[in-house]
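Q: Got a minute to go through this one with me? I'd like the fold and then the charged side chains.

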Amino acid sequence: RIRAHGAREGVLRLQGALKIRVINVSKGKESWSEEACGDFAKRVRRFGVEVEELTLKPAPGPPKRTVDEQREEEGKDILSRVSAVEGPLVVLDE
């Protein structure tokens, strides 16, 4: 249930409205990703939005596996960490 709190300085805060999980597949935390996610989180927190960043290790790729096999394994790993109950899923690729 979404509850609106009093508008202060023209900003409407919604309690329990939205949680965003940013899932990044990378060998380690990328500085640009951390910076971008931190900036985004800072901007949306004032609206009561929670942002969580999760970094997953990439699946083995060539020469052990084809690129398609690598993507399929990474996709399964990502999907295992989300639930349809959590709400909409938005996927971005580079």
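Q: To start with, what share of the contacts in the protein chain with a separation of 6 or more comes from residues 24 or more positions apart?
A: Residues at least that far apart account for 55% of those contacts. Keep in mind that this is a predicted model.

Q: OK. In what order do the elements run from the N terminus on?
A: The order is β-β-β-α-β-α. That gives the protein chain two helices and four strands.

Q: How do β3 and β4 run, and how many bridges join them?
A: They run parallel, with seven bridges between them. Strand β3 covers residues 19–25 and strand β4 covers residues 50–56.

Q: And which hand does the β-α-β unit of β3, α1 and β4 have?
A: The unit made by β3, α1 and β4 is right-handed.

Q: Switching to the interior. What percentage of the 94 residues is buried?
A: Buried residues make up 15% of the protein chain.

Q: Which residues form the largest nonpolar core?
A: There are five of them: C37, A41, V44, V49 and V51. Helix α1, residues 31–45, gives the most to this core, with three residues.

Q: Now the charges. How many salt bridges does the structure hold?
A: It holds six. One of them joins E52 and R21, whose closest N and O atoms are 3.3 Å apart. That pair links distant parts of the chain, since E52 sits in strand β4 and R21 in strand β3, with their positions 31 residues apart.

Q: What is the bridge partner of R21 in β4, going by the strand pairing?
A: The partner is E52, so R21 and E52 are matched in the strand pairing as well as through a salt bridge.

Q: Are those two buried or exposed?
A: Neither; E52 is partly exposed at 28% relative accessible area, and R21 is partly exposed at 25%.

Q: Next, helix α2. How far apart are N and O in the salt bridge of K76 and E72?
A: The N to O distance is 3.4 Å. K76 and E72 are four residues apart in helix α2, which means they are separated by about one helical turn.

Q: And how accessible are K76 and E72?
A: K76 counts as exposed at 54% relative accessibility, while E72 counts as partly exposed at 48%.

Q: Which residue does R81 form a salt bridge with?
A: The partner is D77, and the closest N and O atoms are 3.0 Å apart. R81 is partly exposed, with a relative accessible area of 37%, and D77 is partly exposed at 25%.

Q: Which residues are joined into one network by salt bridges that share partners?
A: K19, R21 and E52.

Q: What about E74, where does it sit?
A: E74 is in helix α2, residues 67–79.

Q: Is E74 buried or exposed, and what is the nearest side chain of opposite charge?
A: E74 is buried and has no salt bridge. The nearest side chain of opposite charge is R71, 6.4 Å away. A salt bridge here needs a nitrogen and a carboxyl oxygen within 4 Å, so R71 does not form one with E74.

Q: Then what is E74 in contact with, leaving aside its neighbours within four places in sequence?
A: Its contacts are V25, P58 and A59. Of these, V25 falls within strand β3, residues 19–25.

Key: Residues numbered from 1 in each chain as written. Predicted model: local features only at pLDDT ≥ 70, side-chain atom pairs only at ≥ 80, totals over all residues. Heavy atoms only, no water. Core = buried A, V, L, I, M, F, W, Y, C linked by side-chain atoms within 4.5 Å. Buried < 20%, exposed > 50% of the residue type's maximum accessible area, 1.4 Å probe, protein only. Lys, Arg positive; Asp, Glu negative; His and termini not counted. Contact = heavy atoms within 4.5 Å. Pairing = 2+ DSSP bridges. Right-handed = clockwise from strand over helix to strand, strands pointing away.
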